[in-house]
Amino acid sequence: MINHHKFTLKNGLRVVFHQDKTTPMAVVNTLYDVGARDENPELTGLAHLFEHLMFSGSAHVEDFDKALQKVGGQSNAFTSNDITNYYINLPKNQIETALWVESDRMTQLALTDKNLETQRQVVIEEFKQRYLNQPYGDTWLELRPVAFEKHPYNWATIGKNLEHIERVTMADAMHFYHNYYHPNNAILSIAGDFEIAEIEHLVNAWYGDLPAGPHISRKLIEEPKQLEYRNRTIVRDVPATAFYFTFKMGGRMSEHYAIVDLISDILGRGKSSMLYQRYFNEKQWVSEISAFILGSIDPGLLVVSGKLHDPSMMQTLEADLWAFMEDICANGIEQKDLEKVRNKFLTSKMFEELGLQSRAMNLAYFELLGDADLINSEVLNYENITAEQVNAELKKVLQKSQCSSLIIQPESHDQK
Amino acid sequence: MTKNRSQAPEVGALQNISLVLPEIHNTESGLPIHVIREVPNDVFHVHIEFGAGKMQQTKPLISSFTADLLFSGTKDLSQLEIQEKLDMQGAFVNVEAGMNRSSLHVYGLLNHFQSTFEIVKDVLENASFPEDKFEMHRKAALQQHTINMEKNAYVARREFLKALFPNNKLGEVAEESDFLNIKAKDCSEFYQEHLSKNVEQINIVGPISEEHIAILEEIFNNRYSKTTKAQKLDLTYHPVQQYIEKPKAMQTTIRIGRVLFTPKHEDYFEFDILETILGGYFGSRLMQNLREDKGYTYGVGSGITAYENTGYFFISTEVGKEHKDAAVEAIKHEINRLREEEIGTDELDLARAYIQGQILKSTDGAFAQMSQFLFAKRFDLPQNHLNSFLETLNKISPKRLQELAVKYLDWDKMVVVVVG
């Protein structure tokens, strides 16, 4: 049970406090309800580039990182297709410094041309390092547009291409800031050895006078129902064939989400999973295979991915995979298969909860989904799932017409 | 009441670190079992350390293949049966081969402790390294190696280690031929000789009871063997500079460093402070210069890797290919600046405060405290060494840091590997 206390300021800032009396550290986590899905399709990667710009300093804080380092703290952030999340770890008696720098940059960021130019270069290098200069690095740049035709999940958080990053102007950045960075578009969560009254007082003192911003209503294009199987094959300078079969599934708050999560584990988490047994062990066609879900807020994907030993086996594998999926749907799974993945889920969950930072982050995220208390009811969701529910859901999810795939073939194979 | 934003909040006093030491159970055989129980959830992490790793293997890959395949079958059970049994308990196992030891990590739910360790016991007594599982693993590992060889950072790390340690096993890297030559028999021999016995110590984090400890004692009591002293190594090396060109690369990996010492060396902790200032945190000189000022890279950092036998210092980054020469020059410039000028007190104070926060964080929670205990034990440091480190941190002067830079950061002693 993760304790928490919620309150909302007059300017709309939602606050979640989690008390942990055992730690000398504190975590201040700030989630902004903006991600890559909110970007203009012609200027993608801005949400993530902007995350970098948030470390530029603000009206009263010349150097964001330095102010924290001076009190033994440290900060970082990440951007996803759904959210932008900033976190600070620091000794608990220095918490005011975190509230000072974090509240100051919420509405008074001091951005210079030099900041923009430098971070543009840094992000371009990040783009190259993670997506362009690695074997299979561009997988998700290529796969997203196949899986999503209309919804903005059809581009990756880093952006569609380098050219979009190169084109961002100061006006674009400031426009984005004014739209999305304000108290009523944020969730602040604080974890540490404090009392409720103390936190309420401090948060009011540092955030209470910040002006509320415009209300943004999100009008995303819904992904139309997929009608038939989609496939794309590309050739790259890679040593082995990689395959990705993605299946449409519900979003984070869909009632089937937990079921599909466990389905992905049954299919491809670990060495006793169905796909590993069939393709690694029995057929011996793959060097690796796994299944997972993206975990997105809007309807997302269950992904089956792996690599082949022999590129010429791709068609054979694909034919067999479809036959196998049909078998799984027809025969269903046994109670034992469900118990295995559920127990593993419980262990992972309990270990994850041991970290102060993951507690703070998850509380903010669940509050965004509707209620911080979902953090405690989630386990129950998983515990209540029955084999019948799984079997019913299998038939809905593992349909070929709901699948989009990407195959990456090595160049040398192509030349043969 | 609103706050005055123009003024930074008052800096709180330095918090004392309170290091919880594990309970130590000395079993009949002398096998030490270390326990920290202060964990809020009913989970456990049992870490079993064996006294053999890469140093003890007779050919490359043996220790890591043995680790990877330890749970691939026993006399009576197939890999699938073992795995399904573990899954039913919600348990995870992870075996890894280090330089001087191998580790078996078991994570699980407390109410399944006994049944989980029945499986572990069977594996430790009867691991069979089946030929077919070995072949599958070899094939998959070779493919992964081939893929990794396409990554600049992987190639650079290999060349760097080879150059730093040309005369001992720390610099031994696996080649394709090693993947082809290794035999299942090599693994079963390594297991028989080292992993079926040779348990050095067991470290447990979790709210376990005496009954749980008794279960472990029963399994491991007769497998204890005292820690062997780390081998003396031939540590001579030549400060080579090497560029491996990859015509199609968009980025270049740079690794620079030298052989240094273990944490037992009198200069280790002071050098650690110097290294942090150079490249150990976001405010470091390298990060500020190469990333925040010039935008050459997404990240640059430095560090110290420590073994019982020795240690090395390294700087590592991936930069846009067009910046590779300028980046090496900028790194050289920052290294020489530490040697030529004293560090300003503001900068030193900043690093001090940052490191103090890190020390506090490194003692936060049961897992962190167990790591601290094991670090001190492994390197034969007093258990209160973090307090001594804090004293060193408060005392160290700009002059002393410059002395250390002159002594240890001589560019002519550096191995420089550039790939891409």
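User: How are helices and strands defined here, and how many of each are there in chain B?
Analyst: Helices are DSSP runs of H or I with at least four residues, and strands are runs of E with at least two. The model is a predicted one. Counted this way, chain B has 15 helices and 11 strands.

User: Why does chain B count as being as compact as a globular protein of its length?
Analyst: For 420 residues the globule rule gives 22 Å. The radius of gyration of chain B is close to that value, so the chain is as compact as a globular protein of that length; the radius is 24 Å.

User: What share of the residues of chain B is buried?
Analyst: A residue counts as buried when its relative accessible area is under 20%. Of the 420 residues of chain B, the share that meets this is 59%.

User: Which cysteine sulfur is nearest to that of Cys329(A), and how far away is it?
Analyst: A disulfide needs two cysteine sulfur atoms within 2.5 Å, and a search of the whole structure finds 0 over all chains. Cys329(A) is buried, with a relative accessible area of 12%. Its nearest cysteine sulfur is too far for a bond: that of Cys403(A), 12 Å away.

User: Is Cys403(A) buried or exposed?
Analyst: The cut-off for buried is under 20% relative accessible area. Cys403(A) has 0% relative accessibility, so Cys403(A) is buried.

User: Which elements of chain A do the buried residues of α15(A) pack against?
Analyst: Helix α15 of chain A spans residues 387–397, and its buried residues include Val390(A), Leu394(A) and Val397(A). The buried residues of α15(A) pack against β8, α9, β10, α11 and α12 of chain A.

Note on methods
Residues are numbered from 1 along each chain as its sequence is written. Chains are lettered from A and ligands numbered from 1 in the order in which they are written. This is a predicted model: local features need pLDDT of at least 70, side-chain atom pairs count only at pLDDT 80 or more; totals for chains, interfaces and linings use all residues. Side-chain values use heavy atoms; hydrogens and water are left out. Buried means under 20% relative accessible area, exposed over 50%, partly exposed in between (1.4 Å probe, protein chains only). Contact means heavy atoms within 4.5 Å. The radius of gyration is taken over C-alpha atoms; the globule rule is 2.2 Å times the number of residues to the power 0.38.
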